[in-house]
Amino acid sequence: MKRIVILAFILIGGAFVNNLLAQQTDSKLPRLLVRLDDIGMNHSVNMAMLKAAQTGMPLSASVQFACPWYQEAVEILKQYPNVTVGVHLTLTSEWKNYRWGPVTGRTAVPSLVDSNGYFPQSTRAFAKSGYKLSEIETELSAQIERARASGLKITYIDPHMGIMLSTPELRALTEKLARKYKLAISTLSSVTYFGETYKEMWGEPIATKKEAFLAYVSNLNPDKPNMLVLHTATPSPEMDILVDMNSNMMNSKDGKPLTSVHRQTELNALLSPEFAAMIGKKFQLINYGRLLAGKDISVLTAADNK
């Protein structure tokens, strides 16, 4: 049985490699960026990233350097140069009974934390928190500097839950940080810096998630990079009990947490034979490293893709 499982992994890996090689021969195909978010959030999320990285696919991974499991994520990512790494700029902590706070400590940025010293649990709570831009700059600079000190090559920054692109002032600060650290900006809104179209699978119902995923990658814009944001995880006791305090969509009507199933479903879609068969035929699969090759990222021009 063990030999059969190993052989299956070899065959699947071979299919990915063959398709990846094939895609390089047709530059007319649409370009697809797959970005995995919330890396470092916990062990289950990291294990999903590992499974994806092991395929050899060019991917982008946005790491939450304020989260408890970022060090494991760093160890994994150092082994997989096919994954371009970004800093997932984090100012919220959205789970019940599983929280994190600022890298700088609660006393350094008091406007960014609640009475327990953690980040707010929702975008709405953050917006009403009375945050100070100077403290946000202090905290996010610390997150980026922690990332750079990890030994990983950091290519871009992007906003966890869209916060750092949600107002003109926050967007200006994001651009300031990008210029300061010579990084690109990936989006989570209609505002883009490299013309990406944007699709997130997070809100798609579990029953139709894979179908929607495959439909999207089958009909990409041929004229722009197409970014698909995924939230993936492997099932585990820690993942299965997480209750999302930011959105009721991640919980059933009777309050049962569904985040684990949502994330496993997105991982399954990414690793599916159907997706592998499309690489090099329906689209070119790229990461931010490839997208930015030869581009001058010192000049950041925001454009609204609406």
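Modeller: Before we discuss this predicted model, one cut-off is needed: a residue is called buried when its relative accessible area is under 20%, exposed when the area is over 50%, and partly exposed in between.

Biologist: With that in hand, what makes you call strand S2 largely enclosed by the rest of the structure?

Modeller: Five of the five residues of S2 are buried, and therefore the strand counts as largely enclosed. The burial holds on both faces, with Leu-59, Ala-61 and Val-63 on one side and Ser-60 and Ser-62 on the other.

Biologist: How do you know that S2 is paired with strand S1, and which way do the two strands run?

Modeller: Pairing requires at least two bridges between the strands, and three bridges join S1 to S2, which run parallel. One of the partners can be named: Ile-39 is bridged to Val-63 of S2. Between these strands the chain passes through helix H2, and the resulting β-α-β crossover is right-handed.

Biologist: What makes S2 and strand S3 a pair as well?

Modeller: Set against the requirement of at least two bridges, the count for S2 and S3 is five, and these strands too run parallel. Ser-60, for example, has Thr-84 of S3 as its bridge partner. Here the chain goes from S2 through helix H3 to S3, again in a right-handed β-α-β crossover.

Biologist: Why is H3 described as largely enclosed?

Modeller: The helix spans residues 70-77, and six of its eight residues are buried, so H3 is described as largely enclosed by the rest of the structure. The buried residues are Tyr-70, Glu-72, Ala-73, Val-74, Ile-76 and Leu-77. Their cover includes strands S1 (31-39), S2 (59-63) and S3 (83-89), together with helices H2 (43-53) and H5 (133-149).

Biologist: Which values describe the packing of H5 with helix H6, and which hand does the crossing have?

Modeller: Two packed helices are described by the angle between their axes and the distance between the axes. For H5 and H6 (residues 168-181) the angle is about 35° and the axes are 11 Å apart, while the crossing is right-handed. On the H5 side the contact includes Leu-133, Ile-136, Leu-140 and Ile-144, and on the H6 side Leu-170, Leu-173, Leu-177 and Tyr-181 are among the residues taking part. The contact residues divide into eight nonpolar, one polar and six charged.

Biologist: Turning to single residues, why is Val-34 called buried?

Modeller: Val-34, which is found in strand S1, has a relative accessible area of 0%, and because the cut-off for buried is under 20%, the residue qualifies. Not counting residues up to four places away in sequence, Val-34 touches Leu-59, Ser-60, Leu-228, Leu-230, Leu-270, Phe-275, Leu-285 and Ile-286.

Biologist: What makes Thr-92 buried too, although it is found in a loop?

Modeller: The relative accessibility of Thr-92 is 0%, which is under 20%, and therefore Thr-92 counts as buried. The loop in question lies between S3 and helix H4 (123-127). Leaving aside neighbours within four places in sequence, the contacts of Thr-92 include Trp-100, Phe-119, Phe-126, His-160 and Met-161.

Biologist: How do you class Met-161 by its accessibility, and what is notable about its phi?

Modeller: At 23% relative accessibility Met-161 falls between the limits of 20% and 50%, so this residue is partly exposed. Met-161 is not a glycine, yet its phi is positive, at about 60°. The residue lies in the loop between strand S4 (154-159) and H6.

Biologist: Why, then, is Lys-182 called exposed?

Modeller: Its relative accessible area is 66%, which is over 50%, so Lys-182 counts as exposed. Lys-182 lies in the loop between H6 and strand S5 (184-185), and it is another residue other than glycine with a positive phi, near 55°.

Biologist: And what makes His-43 neither buried nor exposed?

Modeller: His-43 has a relative accessible area of 29%, a value between 20% and 50%, and therefore the residue is termed partly exposed. His-43 lies in helix H2 and, leaving aside its neighbours within four places in sequence, is in contact with Trp-69, Glu-72 and Glu-238. Of these, Glu-72 is one of the buried residues of H3.

Note on methods: Residues are numbered from 1 along each chain as its sequence is written. This is a predicted model: local features need pLDDT of at least 70, side-chain atom pairs count only at pLDDT 80 or more; totals for chains, interfaces and linings use all residues. Side-chain values use heavy atoms; hydrogens and water are left out. Buried means under 20% relative accessible area, exposed over 50%, partly exposed in between (1.4 Å probe, protein chains only). Helices (H or I, at least four residues) and strands (E, at least two) are DSSP runs, numbered from the N terminus. Contact means heavy atoms within 4.5 Å. A crossover is right-handed if, with the strands pointing away from the viewer, the path from the first strand over the helix to the second runs clockwise. Axes are lines fitted to C-alpha atoms, for helices over the stretch in contact, and angles run from 0 to 180 degrees between N-to-C directions. A crossing is left-handed if the near helix is turned anticlockwise from the far one by less than a right angle, and right-handed if clockwise. Ala, Val, Leu, Ile, Met, Phe, Trp, Tyr, Cys and Pro count as nonpolar, Asp, Glu, Lys and Arg as charged, and the others, Gly among them, as polar.
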